[in-house]
Amino acid sequence: MPGVPRKISLRRIAHVYYTHKDIKTASQSLQDFGFEEITRHGDDIYYKGYGTEPFSYIATAGSENTFGGTAFVVDSLEDLEIAAATLPHATEIHDLKASGGGKRVTFWDPVDDFPFHLVYGQEEKSLAPPAQLPELDYNYPTHKNRSVNKTQRFKQGPSPVHKLGHFGVCTTNYEKMFEFYTSRFNFKPSEIVHADGRDITTFLHLDRGMEQVDHHVFFFFEGPKFHVHHSSFEVHDFDIQSLGHQHLRDKGYELVWGVGRHVMGSQLFDYWFDPSKFMMEHYGKSTLPACLRWASC
Ligand SMILES: [Fe+2]
């Protein structure tokens, strides 16, 4: 249709930005959560997981604790050009001055005015899982995968973070937000929750055609005041998740909820408050089939 730009094609979720009043305490908590610091630029500290993203979390020192938005990788430079030309209050395309390079456009959510970032051309790093993360064959009561003389030995400490998996916010206008993100991007609902005859919550995945994708990368629900709900980071398996849970308990962090198994998404969850009262999740071991274009999800 003339005058209507095509959907901006998101390839994957990339990283999140948070500003902390007490950056020293925040920095320690991020390491206890399982991130590795890679570099500092001015007030920004960059943290990585062991996946291929050059970084997964940027902590900025500031006067308030604020959520600075999430970044998604787009498929092409043309997607960034469409974003810069058509999205609300979008910046021009500018260079990312961070490890991995690349270019970025930031726009502001049309409902609640929070920043949202799109990146392209970042150099991915090679996958580097720590050596203590084996893929195990488990024994079940009626199905055994016995490995003769093999043992499991774990090192106490944080759960190493693999990557950012999803984030969620509370929006003041569900309907408007749903319309914007599903019409301007390849976000597609895996689940929609309704109450009293109207939709109030959704879990969105990226429509990548026949490519299998995670159940959700972005969720939102309606409430009286905008806020970020949580950001969620993938860890290796239940053993590693449990070790990380114990490490955070031992260090005195505030547990929100977990470890448990979600209904929507089917992943194992473990929610914690960081010292700035931002909610952070470790997730792992999803058993739900991924979403495909032709599927009902
Ligand atoms: Fe989550």
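This briefing walks through an iron site, the nonpolar cores, two helices and the confidence of the model. The structure is a predicted model, and its pLDDT averages 93 over the protein. An iron ion is held by two histidines and a glutamate, namely H166, H230 and E281. The largest nonpolar core counts 46 residues.

**Iron site**

- The iron ion is coordinated at 2.1 Å by NE2 of H166, NE2 of H230 and OE of E281.
- Along the sequence, these donor residues follow the spacing H-x63-H-x50-E.
- The pair H230 and E281 brings together distant parts of the chain, 51 residues apart: H230 sits in strand 13 (residues 227-234), and E281 belongs to strand 16 (residues 279-284).
- H230 counts as buried because its relative accessibility is 3%, under the 20% cut-off.
- E281 also counts as buried, since its relative accessibility is 0%.

**Nonpolar cores**

- Within the largest nonpolar core, of 46 residues, L118, F187 and F218 have the most contacts.
- Leaving aside residues up to four places away in sequence, F187 touches L10, F72, F116, Y181, T182, L204, H205, L206, V217 and F218.
- Another core lies apart from this one; it has 10 residues, including Y17, Y46, L96 and V119.

**Helix 1 and the residue after it**

- Helix 1 spans residues 23-33, and its buried residues include A26, S27 and S29.
- L30, D32 and F33 are buried in helix 1 as well.
- Just after helix 1 comes G34, with a positive phi of about 120 degrees.

**T86 in helix 2**

- T86 is part of helix 2, which covers residues 77-86.
- With a relative accessibility of 32%, T86 counts as partly exposed, because the value falls between the 20% limit for buried and the 50% limit for exposed.
- Beyond four places in sequence, T86 is in contact with P5 and R184.
- The side chains of T86 and R184 are joined by a polar contact of 2.8 Å.
- T86 and V4 are 82 residues apart along the chain, yet their C-alpha atoms are separated by 9.5 Å.

**Confidence**

- A pLDDT of at least 70 is reached by 95% of the residues.
- Residues 292-297 stay under a pLDDT of 50, and the model has 14 contacts for this stretch beyond four places in sequence.

Technical notes: Residues numbered from 1 in each chain as written. Predicted model: local features only at pLDDT ≥ 70, side-chain atom pairs only at ≥ 80, totals over all residues. Heavy atoms only, no water. Helix = DSSP H or I, 4+ residues; strand = E, 2+ residues; numbered from the N terminus. Buried < 20%, exposed > 50% of the residue type's maximum accessible area, 1.4 Å probe, protein only. Contact = heavy atoms within 4.5 Å. Polar contact = N/O pair within 3.5 Å; in protein donor to acceptor, adjacent residues only side chain to side chain. Donors = N, O, S within 2.8 Å, 3.2 Å for Na, K, Ca; no water. Core = buried A, V, L, I, M, F, W, Y, C linked by side-chain atoms within 4.5 Å. pLDDT = per-residue confidence, 0-100.
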